[in-house]
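Okay, everyone settled? I've got one model to walk through today, so let me put it up on the screen.

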Amino acid sequence: MNIYDFTLEELEKLLIENGFKKYNAIQIIEWMYEKKVYDFNKMTNLSKKLIEFCNEKFHFNDLKVVKVEKSTLANKYLLELSDHNKIECVLMNHDYGYSLCVSSQVGCNMGCSFCESGRLKKVRDLTLSELVGQVISVSTYENIRIDSIVVMGIGEPFDNFINIKRFISVVINNKMINIGQRHLTISTCGLVPKIYEFADLETGVNLAVSLHAPNNEIRDKIMKINHAYKIEEVMKALDYYIEKTNRRVTIEYIMLAGINDSDKCAQELSHLVKGKLMYVNLIPYNETSNFTMKRSNDFKIKSFYDILKSNNVNVTIRKEMGGNLSAACGQLRANEMKCLEK
Ligand code: SAH
């Protein structure tokens, strides 16, 4: 078993079941996460019996960094999993620290019409150790401390909710990854039942929602998930989340030329979010060679922004950090698969 597949509680339970003490779990975890010692024989405060047990039962992470693309603002890593599937994550160097964008699945079944990740169907969910492994692999590779995490890479995190919940507990545990809950953001395309469940967790973890359209007519065309959950249902679930947590929700909105970037769309979007504890993040679309969609031009993005502003909506335009990398969601993995297909 991979020892990174355990939350603290799960490791405590397993050790107790095998005749060890509850506090042994914290001892092991301090070595793994704080002291970065990946050899049970070097964990000097463990008993011989416990070291033997661990050597027999566990191994450490086996994610391999197979490709890195670097630019001044962002690096992209292609990681190989033990079954040879590949995933990617992106490290961004913000003025407030390093932020890592992690993947939640191998491929994605949501089928958004503009997104590379969904072009390659879901192969499987990522395990806890693979979620945690992305953080550890990149911070070890670069020898840095990661300050914040966004689950906005390949996959739909709420379609892998069980492991995302466990990941949250490992990220925010101060003996484990130790990143404050306010520095962790989960992005969903809008799986409504899971938004309610997420709200009921009552953590301080941030929620971002890929809305990308101000009405069902447009959203139906570009996001398959809208056939299952309409915008009204998403907004209702977000109202519940806000009521429950009093946390501000990020509304992500990709700017697609001629599709969702008209003045009318900006007015409709304002109407949807106005007066709510929400803010809109306008994302210039990162064009990919596999789709015909184009990004809105800067003038259009600015006028969309101005309309939202004039309606007193909190809005920002996302700084493009990975445009010259294949950093649109799923691009690096997709390119790699193309090479493999040849
Ligand atoms: N499934 C989740 C998280 C992964 S996608 C979600 O839908 O939120 C992360 C974000 O990147 C989403 O908002 C997605 O719509 C967006 N995205 C996908 N392809 C993109 C592209 N080519 N350019 C810009 N953003 C893109």
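Right, start with the overall size. For 342 residues, a compact globule would have a radius of gyration near 20 Å, and this protein chain comes out at 21 Å, so the two agree. Before anyone asks, yes, this is a predicted model. Put a box around the C-alpha atoms along the principal axes and you get roughly 70 × 50 × 35 Å.

In terms of secondary structure, the chain has 13 helices and twelve strands. Of the 342 residues, 58% are buried. The accessible surface of the chain is about 15300 Å², with 51% of that belonging to carbon and sulfur atoms. And if you take the contacts between residues at least 6 apart in sequence, 67% of them join residues at least 24 apart.

Okay, on to the ligand. Which residues are the closest to it? Those are Glu156, Ser187, Ser210, His212 and Asn286, out of 20 residues that surround the ligand. Sorted by type, the shell has ten nonpolar residues, eight polar ones and two charged ones.

Let's go through the polar pairs here. Ser187 puts a polar side-chain atom 2.6 Å from an oxygen atom of the ligand. For His212, an N or O atom in the side chain is 2.6 Å from an oxygen atom of the ligand. With Asn286 the backbone does the job: one of its N or O atoms lies 2.8 Å from a nitrogen atom of the ligand. How much of the ligand does the protein cover? On its own the ligand has 530 Å² of accessible area, and the protein covers 93% of that. As for who supplies the shell, the elements giving two or more residues are strand E8, 184-188, and strand E10, 249-255.

Stay with His212 for a second. You'll find His212 in the loop between strand E9, 206-210, and helix H8, 216-222. Is His212 buried or exposed? Its relative accessibility is 4%, so His212 counts as buried. Check the backbone too: phi of His212 is near 65°, which is a positive value in a residue other than glycine.

There's another histidine with that kind of backbone. His84 has phi near 75°, again positive and again not a glycine. His84 sits in the loop between E2 and strand E3, 86-94. At 56% relative accessibility, though, His84 counts as exposed. Its side chain makes a polar contact of 3.1 Å with the side chain of Glu80. Glu80 itself is in strand E2, residues 74-80, and with 13% relative accessibility Glu80 counts as buried, because the cut-off is under 20%. Setting aside residues up to four places away in sequence, Glu80 touches Asp62, Leu63, Lys64, Val66, Asn85 and Lys86.

Next stop, a serine in a loop. Ser296 is between strand E11, 278-284, and helix H12, 298-310. Ser296 has a relative accessible area of 1%, so we call it buried. What does its side chain pair with? Asp261, through a side-chain polar contact of 2.9 Å. Beyond its neighbours within four places in sequence, Ser296 is in contact with Met255, Leu256, Ala257, Asp261 and Ile301.

Last bit: two helices. Leu128 is in helix H5, residues 128-142, and Asn163 is in helix H6, residues 161-172. Leu128 has 0% relative accessibility, so that one counts as buried. Asn163 is at 15%, and is buried as well, because anything under 20% goes in that bin. Leaving out neighbours within four places, the contacts of Leu128 include Tyr4, Asp5, Phe6 and Thr7, and also Asn163, Arg166, Phe167 and Val170. From the other side, with the same neighbours left out, Asn163 is in contact with Leu126, Thr127, Leu128 and Leu131. Asn163 also has a side-chain polar contact of 2.8 Å with Arg166.

If you want C-alpha distances for this part, Leu128 and Ile168 are 40 residues apart along the chain and separated by 9.9 Å. Asn163 and Gln134, 29 residues apart along the chain, are separated by 14 Å.

That's my tour. Happy to spin the model around if anyone wants another look.

Definitions and conventions: Residues numbered from 1 in each chain as written. Predicted model: local features only at pLDDT ≥ 70, side-chain atom pairs only at ≥ 80, totals over all residues. Heavy atoms only, no water. Near = heavy atom within 4 Å. Polar contact = N/O pair within 3.5 Å; in protein donor to acceptor, adjacent residues only side chain to side chain. Areas by Shrake-Rupley, 256 points an atom, 1.4 Å probe, with all protein chains shown as cover. Helix = DSSP H or I, 4+ residues; strand = E, 2+ residues; numbered from the N terminus. Nonpolar A, V, L, I, M, F, W, Y, C, P; charged D, E, K, R; others polar. Buried < 20%, exposed > 50% of the residue type's maximum accessible area, 1.4 Å probe, protein only. Contact = heavy atoms within 4.5 Å. Rg over C-alpha atoms; globule rule 2.2 N^0.38 Å.
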